[in-house]
Amino acid sequence: MPAATAASNKTTLPALEGLLFTLKDDVLTVCGYDLEKGVRITVEATVLEEGTYIINAQKFCQTLKVMNSEEITLTVDQKLAVCIESGKSSYKMSALPASDFPQIPTLTAALGFSLRQSVLKEMFSQTMYAMGVNDQRLILNGTYLRVTEDKLMLVTCDSFKLAKCVRTTDIGNENRDKEDVSFLFIIPNKTVNELYKLLGSDDEDAIVKIYYMRKYIIIELNGII
């Protein structure tokens with residue numbers, strides 16, 4: 001599950017190790033957030049009773065792997081006991097109250113652009129190897145991304161290696177009634193690695209949208225934020 005990539009596995013806060021499940025209006029929203037990055041995915045579901053709870057990400061994903069049916073039933077009782085049923089299988093675990101989940105920043109961005117996922121994934125594959133990992137100069141621990149008109153440039157450097165990739169591509173301007181704006185920001189290496197796994201390369205028409213704020217970037221692809 002993509003949202004599980006944002007759940008923390010090294011924390012003293014149990015809520016950060018979990019996923020926030022919200023069931024409402026026949027929609028299931030699953031969110032993971034480790035205070036640095038967050039992933040939210042929304043899917044259709046048959047909601048018998050609305051509710052929102054935290055379920056441990058690792059235990060939930062391990063349970064899904066052994067399920068033998070495409071359809072699962074998820075129930076949580078008043079004592080926060082979780083029951084996951086699929087076919088003849090049934091698994092139980094504990095949940096946490098939704099109030100324990102950290103407040104996710106409200107993200108509203110007016111500046112953004114879009115391009116084909118296959119282009120961005122190819123450019124990441126040609127530059128990721130030169131990203132810094134634990135360099136004291138935090139600016140090196142990521143990928144520098146620059147967009148100007150119809151050109152996209154990615155640069156990485158770990159002080160020993162430097163990689164640069166430039167593409168002239170069809171970049172959609174999401175700024176709506178505003179003049180073209182140049183985008184300059186750095187995506188942290190952990191986020192780049194997770195984003196690379198989520199990006200599609202087979203579908204040439206698949207689009208990724210990226211919005212920019214002063215402290216955050218918002219990425220939308222394949223129904224995932």
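1. A polar contact, the idea needed for the first observation below, is a pair of N or O atoms within 3.5 Å, where, inside a protein, one atom must be able to donate a hydrogen and the other to accept it. The structure discussed in this note is a predicted model, and the reader should keep that in mind throughout.

2. With that definition in hand, consider Thr156, which is found in strand E10, the strand that runs over residues 151-157. The side chain of Thr156 reaches the backbone oxygen of Thr127 at 2.6 Å, and this distance falls within the 3.5 Å cut-off for a polar contact. Is Thr156 buried or exposed? Thr156 has a relative accessibility of 1%, and it counts as buried because the cut-off for that word is under 20%.

3. The partner in that contact, Thr127, leads on to helix H2, since Thr127 is listed among the buried residues of H2. Helix H2 covers residues 117-127, and eight of its 11 residues are buried, so the helix is largely enclosed by the rest of the structure. The buried residues are Gln117, Ser118, Val119, Leu120, Lys121, Met123, Phe124 and Thr127, a list in which a student may notice the charged residue Lys121.

4. For the overall picture, the protein has three helices and 15 strands. Of its 225 residues, 40% count as buried, and its C-alpha atoms fill a box of roughly 55 × 40 × 30 Å when the box is taken along the principal axes.

5. How many salt bridges does a search of the whole structure find? The search finds four, and among them is the pair Lys37 and Asp34, whose side chains meet with N and O at 3.2 Å. Lys37 has a relative accessibility of 17%, which means that this lysine counts as buried.

6. Another of the salt bridges joins Asp135 to Arg137, with the closest N and O atoms 3.1 Å apart. The two partners fall into separate classes of exposure: Asp135, at 19% relative accessibility, counts as buried, whereas Arg137, at 46%, counts as partly exposed. The value for Asp135 deserves a careful reading, because buried means under 20% relative accessible area and 19% meets that condition.

7. A further salt bridge is formed by Lys161 and Asp158, whose side chains meet at 2.6 Å, N to O. Here Asp158 is buried, with a relative accessible area of 12%, while Lys161 is partly exposed at 35% relative accessibility.

8. Charge also gathers on the surface, where Asp25, Asp26, Glu44, Glu49 and Glu50 form a patch of negative charge. Asp25 sits in the loop between strand E1 (18-24) and strand E2 (27-33), and it is exposed because its relative accessible area is 56% and the word applies over 50%. Asp26 is found in the loop between E1 and E2 as well, and, at 43% relative accessibility, Asp26 counts as partly exposed.

9. Asp26 calls for a second look, because, besides being partly exposed at 43% relative accessibility, Asp26 has a positive phi of about 60° although it is not a glycine. Leu80 likewise has a positive phi, of about 65°, and is not a glycine. Where does Leu80 lie? Leu80 lies in the loop between strand E5 (73-76) and strand E6 (81-86), and it is partly exposed, with a relative accessible area of 24%.

10. Two pairs of residues help to relate distance along the chain to distance in space. Ala3 is found in the segment before E1, and, with a relative accessibility of 0%, it counts as buried. Ala3 and Leu162 are 159 residues apart in sequence, and their C-alpha atoms are 31 Å apart in space.

11. The second pair is Lys209 and Pro97, which are 112 residues apart along the chain and whose C-alpha atoms are separated by 33 Å. Lys209 is found in strand E14, which spans residues 207-212, and this lysine is partly exposed, with a relative accessible area of 32%.

Terms used:
Residues numbered from 1 in each chain as written. Predicted model: local features only at pLDDT ≥ 70, side-chain atom pairs only at ≥ 80, totals over all residues. Heavy atoms only, no water. Patch = residues over 30% accessible without salt bridge, like charges linked within 9 Å, V, L, I, M, F, W, Y side chains within 5 Å. Areas by Shrake-Rupley, 256 points an atom, 1.4 Å probe, with all protein chains shown as cover. Charge placed at Lys NZ, Arg CZ, Asp CG, Glu CD. Helix = DSSP H or I, 4+ residues; strand = E, 2+ residues; numbered from the N terminus. Buried < 20%, exposed > 50% of the residue type's maximum accessible area, 1.4 Å probe, protein only.
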